[in-house]
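Hello,

Here is the structure I promised to hand over. Have a look at it first, and then read on for what I found in it.

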Amino acid sequence: MCCVIMQELGMWVVSKVGFISLSFYSPFYSRLRNFEPPITDATETDLDRVVKVNINGVFNCAKEAIRVMTSDGKGGVILNTGSCASVHPIKDRVVYAATKGAVLTMTTSLATDHVHEGIRCNCICPGRVHTPFVDAFIKKNYAGNEKKMFKQLSEYMPQGRMLT
């Protein structure tokens, strides 16, 4: 289904603009509770849910973007969003880290495969970003310990703080 939607979106963009020069995909799906279950408690359903968004989504977007970028011969840029978890895994986030690692590897493979067609592929890997989502998550899961948990989550990032 997602592949069909991406094909239709690609055709619509080409019909309106004439080409696609940039594809940006920023998938995010992670199970929300007190982090993910440990690997011993995780199910294939847990894994499949995250894989469908974080890996399959990147695959389907890249597939359509490359189809259009190679058909018109103009090349372009594919920019995917991975995570610092791709290179610096986050505690208790094995499924999320694995899928974001796949995004980074897929992007590198796409770059290798399509550089000679004028398509540049890059993956940005940001750390944890301080958003209202993070505040709500901490409040819900660590009531009474919000400051301590915020500090812990911030200090775990490679730069020692959350992005703002």
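Let me begin with a bend: helix α2 has a kink of about 40°, centred on V51. Please keep in mind that this is a predicted model. The helix covers residues 44-71, which makes 28 residues. From first C-alpha to last, α2 reaches 37 Å, close to the 40 Å expected at 1.5 Å a residue. After α2 comes G73, whose phi is positive, near 70°.

Next, the interior. The largest nonpolar core has 13 residues, and those touching the most other members are I66, M69, I78, M106, L110, I119 and C121. Two or more residues of this core come from each of α2, α3 (94-114) and β3 (119-124). The largest share belongs to α2, which gives six residues. If you would like one residue to click on here, try M106: leaving aside neighbours within four places in sequence, M106 is in contact with I55, V58 and F59. There is also a second, separate core of seven residues, with V134, I138, Y142 and M149 among them.

Now to helix α3, which has 21 residues and reaches 30 Å from its first C-alpha to its last, close to the 30 Å expected at 1.5 Å a residue. Which residues of α3 are buried? They are V95, Y96, A97, T99, K100, G101, V103, M106, T107, L110 and H114. The elements covering these buried residues include α2, β2 (76-81) and β3.

A97 is a good place to zoom in on α3. Its relative accessible area is 12%, and because the cut-off for buried is under 20%, A97 counts as buried. Not counting residues up to four places away in sequence, A97 touches A85 and P89. You can also compare the positions of A97 and G82: they are 15 residues apart along the chain, and their C-alpha atoms are separated by 9.2 Å.

The strands come next. β2 is mostly covered, with five of its six residues buried. β2 pairs with β3 in the parallel sense over six bridges, and N80 stands opposite C123 in β3. Between these two strands the chain passes through α3, and this β-α-β crossover from β2 to β3 is right-handed.

One residue of β2 is worth a look of its own, namely G76. G76 is buried, with a relative accessible area of 11%. Along the chain, G76 and I66 are 10 residues apart, while 8.5 Å separates their C-alpha atoms. I66 is also one of the residues with the most contacts to other members of the largest nonpolar core.

Finally, please turn to helix α5 (residues 146-155), where you will find S154. Is S154 buried or exposed? S154 is buried, with a relative accessible area of 7%. Setting aside its neighbours within four places in sequence, S154 is in contact with G160, R161 and M162.

If you have only a few minutes, I would start with the kink centred on V51, go on to M106 and its contacts with I55, V58 and F59, and end with the parallel pair of β2 and β3.

Happy viewing, and do write back with any questions.

Best wishes

How values were computed: Residues are numbered from 1 along each chain as its sequence is written. This is a predicted model: local features need pLDDT of at least 70, side-chain atom pairs count only at pLDDT 80 or more; totals for chains, interfaces and linings use all residues. Side-chain values use heavy atoms; hydrogens and water are left out. Helices (H or I, at least four residues) and strands (E, at least two) are DSSP runs, numbered from the N terminus. The expected span of a helix is 1.5 Å times one less than its number of residues. The bend at a residue is the angle between axes fitted to the seven residues ending there and the seven starting there. A nonpolar core is a set of buried Ala, Val, Leu, Ile, Met, Phe, Trp, Tyr and Cys residues joined through side-chain atoms within 4.5 Å. Buried means under 20% relative accessible area, exposed over 50%, partly exposed in between (1.4 Å probe, protein chains only). Contact means heavy atoms within 4.5 Å. Two strands pair if DSSP finds at least two bridges between them. A crossover is right-handed if, with the strands pointing away from the viewer, the path from the first strand over the helix to the second runs clockwise.
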